[in-house]
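Trainee: I have a structure to go through. Can we take the symmetry and the salt bridges in turn?

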6 protein chains.
Amino acid sequence: MPQSAVFPGSFDPITLGHTDIVERASKIFDKVYVAIGQNTTKTTLFPFGKRMEIVSKVFVNIPGVEVLSYEGLTVEICRKLGAKYVVRGLRSGTDFDYERNIALMNSKLYPDIETVFFISNPDYAGISSTIVREIYKFGGDISNFVPDIVSDYIGKMDRAVY
Amino acid sequence: MPQSAVFPGSFDPITLGHTDIVERASKIFDKVYVAIGQNTTKTTLFPFGKRMEIVSKVFVNIPGVEVLSYEGLTVEICRKLGAKYVVRGLRSGTDFDYERNIALMNSKLYPDIETVFFISNPDYAGISSTIVREIYKFGGDISNFVPDIVSDYIGKMDRAVY
Amino acid sequence: MPQSAVFPGSFDPITLGHTDIVERASKIFDKVYVAIGQNTTKTTLFPFGKRMEIVSKVFVNIPGVEVLSYEGLTVEICRKLGAKYVVRGLRSGTDFDYERNIALMNSKLYPDIETVFFISNPDYAGISSTIVREIYKFGGDISNFVPDIVSDYIGKMDRAVY
Amino acid sequence: MPQSAVFPGSFDPITLGHTDIVERASKIFDKVYVAIGQNTTKTTLFPFGKRMEIVSKVFVNIPGVEVLSYEGLTVEICRKLGAKYVVRGLRSGTDFDYERNIALMNSKLYPDIETVFFISNPDYAGISSTIVREIYKFGGDISNFVPDIVSDYIGKMDRAVY
Amino acid sequence: MPQSAVFPGSFDPITLGHTDIVERASKIFDKVYVAIGQNTTKTTLFPFGKRMEIVSKVFVNIPGVEVLSYEGLTVEICRKLGAKYVVRGLRSGTDFDYERNIALMNSKLYPDIETVFFISNPDYAGISSTIVREIYKFGGDISNFVPDIVSDYIGKMDRAVY
Amino acid sequence: MPQSAVFPGSFDPITLGHTDIVERASKIFDKVYVAIGQNTTKTTLFPFGKRMEIVSKVFVNIPGVEVLSYEGLTVEICRKLGAKYVVRGLRSGTDFDYERNIALMNSKLYPDIETVFFISNPDYAGISSTIVREIYKFGGDISNFVPDIVSDYIGKMDRAVY
């Protein structure tokens with residue numbers, strides 16, 4: 001029976017840490033859905049449409065990876081997609097303690113769901129979207145932390161908005 | 001000499017994790033004050049009056065538990081109540097590292113105060129008010145995470161405000 | 001392409017925490033090898049032959065699970081079996097910090113290998129073979145922590161050896 | 001109803017960290033039993049009889065504290081003493097992750113038992129019996145880490161045994 | 001070759017934890033730059049000018065310590081100053097997991113930079129600017145947590161702004 | 001005033017993680033003493049003489065690094081050498097929690113001593129002497145984890161002793 005998994009996030013922006021986890025997960029699961037949360041109340045660096053566009057381009061050639069957007073709970077998009085797995089990367093014990101709470105609550109909301117963890121690749125150790133945004137806001141070079149397509153897009157962005 | 005303890009929080013909303021800790025603490029201490037912080041600058045999901053009403057109902061039949069509101073510092077409400085103990089639940093090492101800072105600063109502000117920790121019940125593992133609020137905002141079912149009285153109240157709430 | 005995974009351990013004794021992880025892993029992977037390390041220098045509570053016998057019985061009816069013994073490195077048994085995944089359970093951030101070192105060294109020894117983590121079931125929260133052995137040595141009842149077949153075997157054991 | 005608690009350990013040797021926790025616990029509980037584990041298989045720095053003698057002297061004048069020895073499981077000595085609480089000190093998140101496993105298994109063995117945690121006093125931050133033993137073995141001065149009575153006893157000990 | 005280090009922060013307000021780390025770092029490095037981030041988007045308790053004034057006074061007599069402000073990335077101010085080290089204090093494992101991400105990203109942005117960690121002094125255990133601000137907002141006494149000059153300044157402040 | 005630091009360990013065997021920390025420390029400190037503990041009670045994989053020989057060769061060309069052996073406490077060798085710093089690498093929050101206890105006890109034994117921490121290089125993430133020994137015992141290839149000189153020495157060793 002084909003197995004599918006969801007990799008949820010806001011991808012604001014997508015990082016090399018994210019792409020690494022998705023590629024590794026796509027070797028286990030028949031289908032990995034990269035699910036971009038369309039949380040209307042949270043202010044983001046990149047507008048939703050742009051995140052959707054960028055993430056879609058990043059994975060366009062990776063077989064078994066599909067990019068989509070969702071509103072609401074992660075467990076609901078899993079249910080709709082028939083996906084029984086949520087995939088997450090872990091950099092540290094602190095990450096685990098945080099993710100564990102979410103995973104346990106998700107499994108109470110939807111007992112069929114299982115969260116599966118991968119270790120973040122040491123080559124991308126320490127990368128987080130939050131820090132990438134900080135670096136970007138202060139005019140730093142984020143090209144070591146994100147896929148090329150993000151860097152290209154940023155080259156065209158009007159940085160003056162900050 | 002009767003011993004009393006304070007269990008402080010914003011209870012936005014109160015969870016089964018909270019009620020479990022209070023009930024267990026009430027077996028050690030003669031009196032457990034469930035102290036609802038009336039922090040006027042923080043925006044909450046449930047208005048203060050409603051949190052007060054709900055938490056009061058939750059503990060109405062638990063002997064030795066008293067619900068009250070407070071403004072200001074936890075150590076000040078402890079001093080006023082003559083309570084020498086603060087009670088906290090711990091889910092993880094990360095929780096401990098966070099609570100430790102607060103507890104040590106509290107003991108510098110009021111050397112008589114002692115923070116006592118209980119392990120969060122694994123049955124309610126991972127429950128946090130923050131995640132409960134997220135689930136609620138996205139229309140998810142929070143009834144597995146909160147006392148029945150919260151679920152009942154929420155059934156009557158105008159969810160359209162979100 | 002069928003995917004297989006190895007769940008390595010000394011299983012001295014196997015616990016309900018172990019069986020839970022294996023059953024959950026067997027839903028993702030076509031084959032889960034429960035690999036019992038035959039480390040001749042470490043003294044164990046249960047002799048190797050008995051651990052092999054017990055673990056084999058525990059999983060006899062779980063489709064896709066195969067029990068075997070190995071000497072030497074976990075990556076070597078993975079290579080021989082053509083298994084690209086190692087499966088581990090995590091109870092805490094401390095567990096993660098420990099397992100991360102092993103997983104990263106394994107991936108240097110055998111770059112094709114990936115370690116995949118599951119959260120330990122809160123129902124079995126805190127169970128470790130080390131503590132089970134302590135309880136057993138002191139004559140405590142371990143039946144809540146191990147599969148029935150372990151309890152049965154222990155009933156017949158000559159406890160006088162301790 | 002009077003409440004009693006057990007503070008278990010091997011106290012090899014007792015440290016200022018231990019005495020601090022016991023004194024703080026003795027303000028909450030009517031009775032604190034300092035229970036010295038008589039684990040015959042573990043080699044200790046101080047012989048059991050000496051640990052018993054030293055710990056007894058340390059607490060001789062602390063009202064509500066009683067020193068005793070036990071063999072076997074901590075939950076069994078709790079049961080015999082009618083004590084419903086186990087008291088432990090925590091220095092760090094790692095300590096919590098370790099103690100949590102033991103506490104959860106104890107509560108499965110004896111559901112009436114509750115483990116209560118105190119933060120280790122920062123004045124004694126970092127003190128562990130293990131490190132004290134290392135310092136002692138190498139001829140270092142342990143008087144900052146242990147009650148005076150331990151230092152006195154050690155002055156009379158034949159260090160040549162190492 | 002003289003070595004210099006940067007101790008970056010918002011110092012809102014500076015605490016005894018900060019001053020302790022700076023003094024200890026100033027014994028290793030020929031020059032320690034206390035760099036106050038002038039982040040225009042973050043709302044602070046103390047206005048930037050006041051933080052600059054207070055921190056300057058705190059270190060006026062410490063040889064080898066220089067206070068300055070900066071906008072933008074920490075690595076950029078390091079580059080401009082020719083400083084190859086960033087200095088940070090650690091209270092806990094959680095602090096480390098957080099600081100590690102930042103340090104690793106900084107070393108990708110500027111490979112010459114090295115982050116060096118000191119253990120927070122147990123005498124000031126648990127002090128954080130965040131909690132100090134909370135205490136201050138609620139009218140608590142922060143004099144145990146900050147240098148005298150901060151307390152003095154606060155005595156003159158119009159607390160009515162909160 | 002020239003500053004010197006001690007990097008203590010048993011180096012059984014020395015790893016690339018160790019050499020990386022020593023080289024980075026040697027850029028801050030005028031002198032880094034790599035101090036090999038000659039603990040007679042602990043059984044080691046490599047005999048003391050060999051560890052001394054190998055570590056000496058590893059650092060023979062690194063200016064400012066000196067290799068020596070010591071018996072007894074780390075603070076004592078620091079005192080004798082006039083070194084005021086101990087250098088340690090950190091891979092994780094768990095490492096920090098462990099090292100913190102030792103560092104705080106060392107600073108009580110010798111108040112002039114300061115422990116300074118570096119983040120383990122992600123390229124060598126997860127390397128520990130303990131795991132290297134395990135790999136070696138089982139006949140695995142440790143050349144990715146240790147300096148070439150260790151691999152060379154091992155090629156000549158009689159592995160039959162295991």
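Mentor: This is a predicted model, where local features need pLDDT of at least 70, side-chain atom pairs count only at pLDDT 80 or more, and totals for chains, interfaces and linings use all residues. Residues are numbered from 1 along each chain as its sequence is written, chains are lettered from A in the order written, and side-chain values use heavy atoms, without hydrogens and water.

Trainee: Is E:Lys31 buried, partly exposed or exposed?

Mentor: Buried means under 20% relative accessible area, exposed over 50%, partly exposed in between (1.4 Å probe, protein chains only). E:Lys31 has a relative accessible area of 28%. That makes E:Lys31 partly exposed.

Trainee: Which side chain does E:Lys31 meet in a salt bridge?

Mentor: A salt bridge puts a side-chain nitrogen of Lys or Arg within 4 Å of a carboxyl oxygen of Asp or Glu. Here the N to O distance is 3.1 Å. The partner of E:Lys31 is E:Glu66.

Trainee: How many residues apart in sequence are the parts that this pair ties together?

Mentor: Strands are DSSP runs of E, at least two residues, numbered from the N terminus. E:Glu66 lies in strand E3 and E:Lys31 in strand E2 of chain E. The parts are 35 residues apart.

Trainee: What turn lays chain C on chain A?

Mentor: Copies are superposed by least squares on the C-alpha atoms of residues with pLDDT of at least 70 in both. The RMSD is 0.0 Å, with a shift of 0.0 Å along the axis. The turn is 180 degrees, which is the relation of a two-fold axis.

Terms used:
Helix = DSSP H or I, 4+ residues; strand = E, 2+ residues; numbered from the N terminus.
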